[in-house]
Amino acid sequence: MTSAAIQPQSNKKKAIKETLLTPRFYTTDFEAIASMDISSQEKELRAMLTEMKNDYNRNHFIRDEDFEKTWDHVDGETRAAFIEFLERSCTSEFSGFILFKEISRRIKEKNPLLSEVFSLMARDEARHAGFLNKAMGDFNISLDLGYLTKHRVYTFFKPEWIIYAVYLSEKIGYWRYILMYRHLEKNPDYQFYPLFKKFEHWCQDESRHGDIFNALLRSQKSMWQGWKAKLWAKFFLLSVFATHTLTVHEREDFYQSVGLDAEEYDRQVIIKTNQTAAKAFPVILDTDNPTFFPRLEKCNEYNIQLQKIGDSQQPQFIKMLRKMPIVVAIFWNLLCLYLLKSKDAEELRTVVL
Ligand SMILES: [Fe+2]
Ligand SMILES: [Fe+2]
């Protein structure tokens with residue numbers, strides 16, 4: 001990452017409000033990634049490396065004259081909601097940068113091909129995070145990314161989990177950006193800040209990253225063959241979609257400010273990401289099942305109740321007692337969703353072929 005990308009600003013924020021939904025920072029077993037046998041997908045990975053080297057977005061993340069204005073007129077709830085959107089997006093892009101950079105560094109000797117691929121993905125994420133941090137600068141705030149690197153808690157994920165989770169987060173990122181871009185293209189009145197105009201090319205980076213993880217996933221038979229792979233695939237799909245539903249509904253203000261209906265947007269992003277995942281995962285979820293979205297949204301209602309209890313002035317013990325049945329209800333709904341019959345993606349793939 002260039003130092004310019006994370007230039008310190010006067011109003012530096014060291015951390016963002018931590019909740020269950022705050023983007024995490026991850027670490028993994030680097031040795032296991034270095035010794036991964038990727039031979040069955042080497043051709044695809046080499047092709048992706050060439051794509052990445054072409055660096056199509058080299059000149060995309062430049063702040064043109066559209067940014068040279070003051071943004072004081074974006075105020076009130078719109079401003080607060082937008083700043084929060086920028087903060088979370090920046091943290092999540094930056095978390096990708098840290099993980100990719102570290103993987104690239106640690107596997108350099110043993111697996112130079114993958115190391116280079118990861119280094120180029122880190123390049124993209126650094127640009128994304130840097131661009132968002134500069135956008136935050138327009139609103140007189142910026143994240144202290146150096147501080148975040150040192151002081152965030154890193155969650156350990158096995159390489160297989162990293163591959164499932166990052167694949168999905170790249171593809172869901174693609175759909176989030178492109179659906180918002182298309183909506184604002186049709187409804188330019190809601191385009192209150194020029195960042196959104198950048199999303200069309202930006203999301204191509206995320207899609208390419210997703211394709212790289214697709215190749216990694218397919219290179220490991222144990223990740224898509226057999227019952228364990230199916231259970232893991234369902235687990236990650238459901239976790240990512242449930243988190244998305246809660247996050248989108250938590251930021252309804254922001255979606256409203258760009259003229260999007262949060263519920264509709266959330267559903268579209270999930271449906272599209274689920275369909276895309278059929279290219280990589282052994283199974284996908286049945287989003288057409290009439291109970292699918294109502295149950296996910298029920299979890300959101302329970303989550304709001306949990307937040308209200310958390311914010312109340314009652315003693316901790318009472319809060320805990322009140323929260324318990326709600327937490328059970330969330331788990332129950334998630335379990336019902338998990339147990340819904342999934343769609344066999346391997347079969348879908350042969351039908352398409
Ligand atoms: Fe990104
Ligand atoms: Fe990405």
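This note takes up the nonpolar core, one helix pair and one exposed lysine in a predicted model.

1. The largest nonpolar core holds 77 residues, and the members that touch the most others in it are Val-117, Ile-163, Tyr-167, Leu-168 and Leu-237. Helix 4, spanning residues 112–137, supplies the largest share of this core, with twelve residues.

2. One of those members, Ile-163, can be followed further through its contacts: leaving aside residues up to four places away in sequence, Ile-163 touches Phe-213, Leu-216, Leu-217 and Met-223.

3. Helix 2 (residues 42–54) packs with helix 7 (residues 199–219) at an angle of about 160 degrees, the two axes lying 9 Å apart. Because angles over 145 degrees count as roughly antiparallel, helix 2 is described as roughly antiparallel to helix 7. The crossing of these two helices is left-handed.

4. On the helix 2 side, the residues that take part in this packing are Glu-44, Leu-45, Met-48, Glu-51 and Met-52, and they meet Arg-208, Asp-211, Ile-212 and Ala-215 of helix 7. Sorted by class, the contact between helix 2 and helix 7 is made up of five nonpolar and four charged residues, with no polar ones.

5. Lys-43 also belongs to helix 2, and is Lys-43 buried or exposed? Lys-43 has 10 C-beta neighbours inside 10 Å, and it therefore counts as exposed, since the cut-off for that class is 12 or fewer. From C-alpha to C-alpha, Lys-43 lies 39 Å from Glu-264, a residue from which it is separated by 221 residues in sequence.

Key. Residues are numbered from 1 along each chain as its sequence is written. Chains are lettered from A and ligands numbered from 1 in the order in which they are written. This is a predicted model: local features need pLDDT of at least 70, side-chain atom pairs count only at pLDDT 80 or more; totals for chains, interfaces and linings use all residues. A nonpolar core is a set of buried Ala, Val, Leu, Ile, Met, Phe, Trp, Tyr and Cys residues joined through C-beta atoms within 7 Å. A residue is buried if 20 or more other C-beta atoms lie within 10 Å of its own, exposed if 12 or fewer, and partly exposed in between; C-beta atoms are placed from the backbone. Helices (H or I, at least four residues) and strands (E, at least two) are DSSP runs, numbered from the N terminus. Two residues are in contact if their C-beta atoms, placed from the backbone, lie within 7 Å. Axes are lines fitted to C-alpha atoms, for helices over the stretch in contact, and angles run from 0 to 180 degrees between N-to-C directions. Angles under 35 degrees count as roughly parallel, over 145 as roughly antiparallel, 65 to 115 as roughly perpendicular and the rest as oblique. A crossing is left-handed if the near helix is turned anticlockwise from the far one by less than a right angle, and right-handed if clockwise. Ala, Val, Leu, Ile, Met, Phe, Trp, Tyr, Cys and Pro count as nonpolar, Asp, Glu, Lys and Arg as charged, and the others, Gly among them, as polar.
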